[in-house]
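Okay, thanks for coming, everyone. I'll put the structure up and then talk through cysteines, charges and a couple of backbone angles.

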Amino acid sequence: MAKNVLIISATPRKGGNSELLAQAFADGAKDAGNEVEMISLRDKNLLFCKGCLACQKTGRCVLKDDAPEITGKMQAADVLVFATPIYYYSVSGQMKTMLDRSNPLYNSDYKFRDVYLLSTAAEDDPETPKPAELVLQGFTDCFPKARVAGTIFAGGVTSPGDIQNHPALKTAYDAGKAV
């Protein structure tokens with residue numbers, strides 16, 4: 001049965017390495033017959049969460065920007081995939097802002113069960129993505145029916161396109177094909 005896969009690209013660079021990693025995952029998921037949508041946060045107007053918690057009562061955020069449309073798509077997806085460059089050993093600001101703004105989903109009847117993290121960094125140390133993985137785990141822990149289904153890291157990539165021929169591209173494709 002085909003799944004609805006939502007990929008959220010949180011890189012500010014068009015054609016950046018994490019976006020190419022996300023595209024490999026998308027290609028695998030599409031080749032397996034799934035419905036795939038990729039959203040680039042760099043093209044969206046996202047305001048910072050005010051922490052007012054009104055969304056916990058109303059199911060809607062009081063801020064008027066692109067986040068409600070994205071959280072609606074997150075709620076309807078079977079699989080969530082976040083792709084981010086690692087900045088200062090954590091997720092990009094764009095990704096963290098989107099995670100914060102997904103607060104209206106907490107009390108909702110969300111569909112997603114599997115959550116993936118795709119990350120890239122100039123550092124090639126396997127410990128580099130660990131803080132970013134903790135951020136995603138913290139998000140996922142708020143959704144009892146969901147789990148972090150996988151993480152894929154491509155280290156040693158700095159400039160756009162450095163990821164070409166990196167083994168993480170095949171790993172991402174295979175993971176996408178397996179959803």
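## Charges, cysteines and two odd loops

Let me start with Lys73, which is partly exposed, with a relative accessible area of 27%. Before I go on, keep in mind that this is a predicted model.

So what does the side chain of Lys73 meet? It meets the side chain of Glu37 in a salt bridge, at 2.6 Å from N to O. That pair links distant parts of the chain: Lys73 is in helix 3, residues 67-76, and Glu37 is in strand 2, residues 35-40, with their positions 36 residues apart. Glu37 is partly exposed as well, at 31% relative accessible area. And there's a network here, where salt bridges with shared partners join Glu37, Glu69 and Lys73.

How many salt bridges does a search of the whole structure find? Ten. The general idea will be familiar: side chains of opposite charge can pair when their charged atoms come close.

Here's another one, Lys96 with Asp100, at 2.5 Å from N to O. Both of these sit in helix 4, residues 93-101, and they are four residues apart, about one turn of the helix. On the surface question, Lys96 comes out partly exposed at 37% relative accessibility, and Asp100 is partly exposed at 32%.

Next up is Arg147 with Asp114, a salt bridge at 2.9 Å, N to O. This pair also links distant parts of the chain, with Arg147 in strand 5 (residues 147-155) and Asp114 in strand 4, 33 residues apart. Is Asp114 buried or exposed? At 12% relative accessibility, Asp114 counts as buried, while Arg147 is partly exposed, at 47% relative accessible area.

Staying with charge for a moment, there's a patch of negative charge on the surface, where Glu123, Asp124, Asp125 and Glu127 gather. If you want to find it on the screen, look for Glu127 in the loop between strand 4 (114-121) and helix 5 (130-141).

Now, cysteines. How many disulfides does a search of the whole structure find? Zero. Take Cys52: the closest cysteine sulfur is the one in Cys55, and at 6.4 Å that is too far for a bond. The cut-off is 2.5 Å between the two sulfurs. Then take Cys55, where the closest cysteine sulfur is in Cys61, 6.2 Å away, and again that is too far for a bond. As for who is covered up, Cys55 counts as buried at 9% relative accessibility, whereas Cys52 is partly exposed, with a relative accessible area of 47%.

Last topic, the backbone. Most residues other than glycine have a negative phi. Which way does Tyr88 go? Its phi is near 50°, a positive value in a residue other than glycine. Tyr88 is in the loop between strand 3 (79-85) and helix 4, and it counts as exposed, at 82% relative accessibility.

Asn165 is another case, with a positive phi near 70°, and it isn't a glycine either. You'll find Asn165 in the loop between strand 5 and helix 6 (167-178). Asn165 also counts as exposed, at 77% relative accessibility.

To wrap up: ten salt bridges, zero disulfides, and positive phi values at Tyr88 and Asn165. That's my bit, thanks.

Notes:
Residues numbered from 1 in each chain as written. Predicted model: local features only at pLDDT ≥ 70, side-chain atom pairs only at ≥ 80, totals over all residues. Heavy atoms only, no water. Buried < 20%, exposed > 50% of the residue type's maximum accessible area, 1.4 Å probe, protein only. Patch = residues over 30% accessible without salt bridge, like charges linked within 9 Å, V, L, I, M, F, W, Y side chains within 5 Å. Areas by Shrake-Rupley, 256 points an atom, 1.4 Å probe, with all protein chains shown as cover. Salt bridge = Lys/Arg side-chain N within 4 Å of Asp/Glu carboxyl O. Lys, Arg positive; Asp, Glu negative; His and termini not counted. Charge placed at Lys NZ, Arg CZ, Asp CG, Glu CD. Helix = DSSP H or I, 4+ residues; strand = E, 2+ residues; numbered from the N terminus.
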